Amino acid sequence: MQRNSYNKDSLSLAGAVAMGTGVMIGAGIFALTGQVAELSGSLFPLAFLIGAIISGFSAYTYIKVSNKYPSAGGIAMILKKSYGPTTVTGAAALMMAFSMIINESLVARTFGTYTLQLFDIGGDSVLVPILAIGLIIFAFVVNIAGNKVIGAISTITAILKIGGILIFSLTILWVSGFTFEFTQSAPSSESSTTGFIAGVALAILAFKGFTTITNSGGEIVEPKKNVGRAIVISLAICLLVYMTVALAVGSTLTINEIATAKDYALAEAARPAFGEYGVWFTVAVAIIATASGLLASVFAVSRMLAMLTEMNLIPHRHFGMPGDIQKHTLVFTVIMAGLLAAFFDLGRIASLGVIFYLVMDIIIHWGVYRYLREDVSAKATILLSAIIFDLIVLGAFLSMKAASDPIIIAISFVGIIGLFAFEKYYLSKLRTDDKAENVKEKHSH
C-alpha cells in the first residue's frame, strides 16, 4: 500500500477505535444530550438508538469504499473516485472538513461550559470561549508532537472517559432502582413527530465521529481489514454509552430541567443523587472527553485538508510557515475552529454541523451508488436507504429550524453555495492556468 508523504507513524486498531470514540463521545454525550432531549421529549433515548441505526447505514458506504481504497483523507478519496476532480468533489469534501471543524468548536465550547460548573459560573460567561480557544491551542500543540503521541493519548483517555461515563450512568440508575422511568413527559409541542425526527438529526451528529476513522485510513495498520472493524466497534461502544447516559439523565431530571441545563445536562443530572461531588466527577470526565475528542478531530481534519491540497482541489499558501503541508493545514484548522468557538453558541454550532454533514453525506451515498457500487461490491438497497434516511431527518431538522432559528438555515445555505462557487472558480482558474502553461511549453520548443 502506498502511503502519503505526510504519514509518518501508524495507528493500531485500538488507536483507531479510540480516535473514533474520542470524537463521538466528546461531542455527543456532553454537548448534545440536552439538545436532543429538548427536541425529542421523553423519547430522546430512542432518538439516539435510531440515530445509531441510520449512522450504521451511512457507515456501510464508507466501510465498503475504504476496504478497497484505504487512504488518509478518505472522504476526499471517496468523492474523487465517484465524481472525479470536479466542483462537486471539492465542495462536498470541504463541507465534510467544515462540519468536522464545526464539531471541534462544539466540543471546545462544551469543555468551557462544563469546566465553569466547578466554579458555579453560568454558560453565558465570556470565559467559555476563552477556555474553548485554550483547549484548541492545546490540541494544536499535541498534534505537532506526532501520530504516536496522539494515538497513545487517545487510547488512555478513551478508557478513562468511557469508564467514567458508564460509572456515572450506572450509579445514577442504581440509585433510581433501575426503573428506567422518566420523571416527566415533555409537552406535546416538544414531542411532535417533526421534533422527534429533528432530535434524531442531532443524534446522528453525535455518531458522525466514525468518519474520523475513514479520514485516517492511510494511517491505520492493515487498513483494508481494520478501518471497517474500527468503525463498527466505535459505533457499538458509543451506542452503549449514549443509551446508558440517556436513561440515567432521563430518570433523574424532568425534560424541562434537561432543556434548561442542555449545555451541561450530565453535570446537572449528577446533582440530585450525589450533590457537588457528583458534579465534580462529571466535570472531570467531561474535561477528559472533550479534550481527547478535539485532539482526535484536529488530527483527522488537518490530514483531510492536506490531501485535498495534494489533489489540487483547494489552494494552498504557507504564509512563510515552516514544515510540510499537513502542518500548515493544522494551523488553518485550529484558527477556523477558534473563530467559531469564539462567536457561536452551542445550539447554532450543532445546527450548522447537522446541515453540513447531512448534505455531504447524501452526496457521498449518491456518488457511490451512481458510480462505485459495483467496483466496491456495495448493495444498492442499503445505499438508497441511507440517502432516504438522511433526507427525512434533514427535512425535519430544517422544518424545526425554519420556525425557531431561520438565520442559521440562511448561514448554512449561503455557506454551501459559497463552497460550490469557490470550487468552481478555483478549478476553472487552475485548468486555465494549466492550459496556458502547456501552450507556453509548446511554443518554447
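## A guided tour, starting at Arg373

Select Arg373 and Tyr369 to begin, where the charged end of Arg373 sits over the ring of Tyr369, 4.4 Å from its centre; a charge sits over a ring if NZ of Lys or CZ of Arg is within 6 Å of the ring centre and within 35 degrees of the ring normal. What you have open is a predicted model, in which local features need pLDDT of at least 70 and side-chain atom pairs count only at pLDDT 80 or more, while totals for chains, interfaces and linings use all residues. Residues are numbered from 1 along each chain as its sequence is written, and side-chain values use heavy atoms, with hydrogens and water left out.

**Along helix H13**

Keep Tyr369 selected and add Trp366, since these two form a tilted aromatic pair, 5.5 Å centre to centre with 40° between the planes. Rings of Phe, Tyr and Trp (its six-membered ring) pair if their centres lie within 6.5 Å, and planes under 30 degrees apart count as stacked, over 60 as edge-to-face and the rest as tilted. Trp366 and Tyr369 are three residues apart in helix H13 (residues 346-372), and are therefore separated by about one helical turn; helices (H or I, at least four residues) are DSSP runs, numbered from the N terminus. Tyr369 counts as buried because its relative accessibility is 18%, whereas Trp366, at 40%, is partly exposed. Buried means under 20% relative accessible area, exposed over 50%, and partly exposed in between (1.4 Å probe, protein chains only).

Next select Arg348, also in helix H13, together with Asp405, which lies in the loop between helix H14 (380-404) and helix H15 (406-444), 57 residues apart from Arg348. Arg348 forms a salt bridge with Asp405, the closest N and O atoms being 2.9 Å apart; the term stands for a side-chain nitrogen of Lys or Arg within 4 Å of a carboxyl oxygen of Asp or Glu. Asp405 is buried at 12% relative accessible area, and Arg348 is partly exposed at 27%.

**More salt bridges**

The structure holds five salt bridges, and another joins the side chains of Glu268 and Arg271 (3.6 Å, N to O). Both of these residues lie in helix H11 (residues 265-310), three residues apart, about one turn of the helix. Add Glu276 to the selection, and you will have Glu268, Arg271 and Glu276, which are linked in a network of salt bridges. Then go to Lys225 and Glu222, whose side chains meet in a salt bridge of 3.2 Å, N to O.

**Across the chain to Phe48**

Now select Phe48 and Tyr242, a tilted aromatic pair with 5.4 Å centre to centre and 50° between the planes. This pair links distant parts of the chain, with Phe48 in helix H2 and Tyr242 in helix H9 (residues 223-252), 194 residues apart. Phe48 and Tyr242 are both buried, and together with Phe207 they form one aromatic cluster.

From Phe207, select the whole of helix H7 (residues 193-207). Why can H7 be called largely enclosed by the rest of the structure? It is because 12 of its 15 residues are buried, including Phe196, Val200, Leu202 and Phe207.

**Two last stops**

Select Tyr69 and Lys81, where Lys81 lies over the face of Tyr69, at 4.0 Å from the ring centre. Finally, choose Ser12 and Ala230, which are 218 residues apart in sequence and 9.6 Å apart in space, C-alpha to C-alpha; Ser12 lies in the segment before helix H1 (13-40).

Note on methods. Helices (H or I, at least four residues) and strands (E, at least two) are DSSP runs, numbered from the N terminus.
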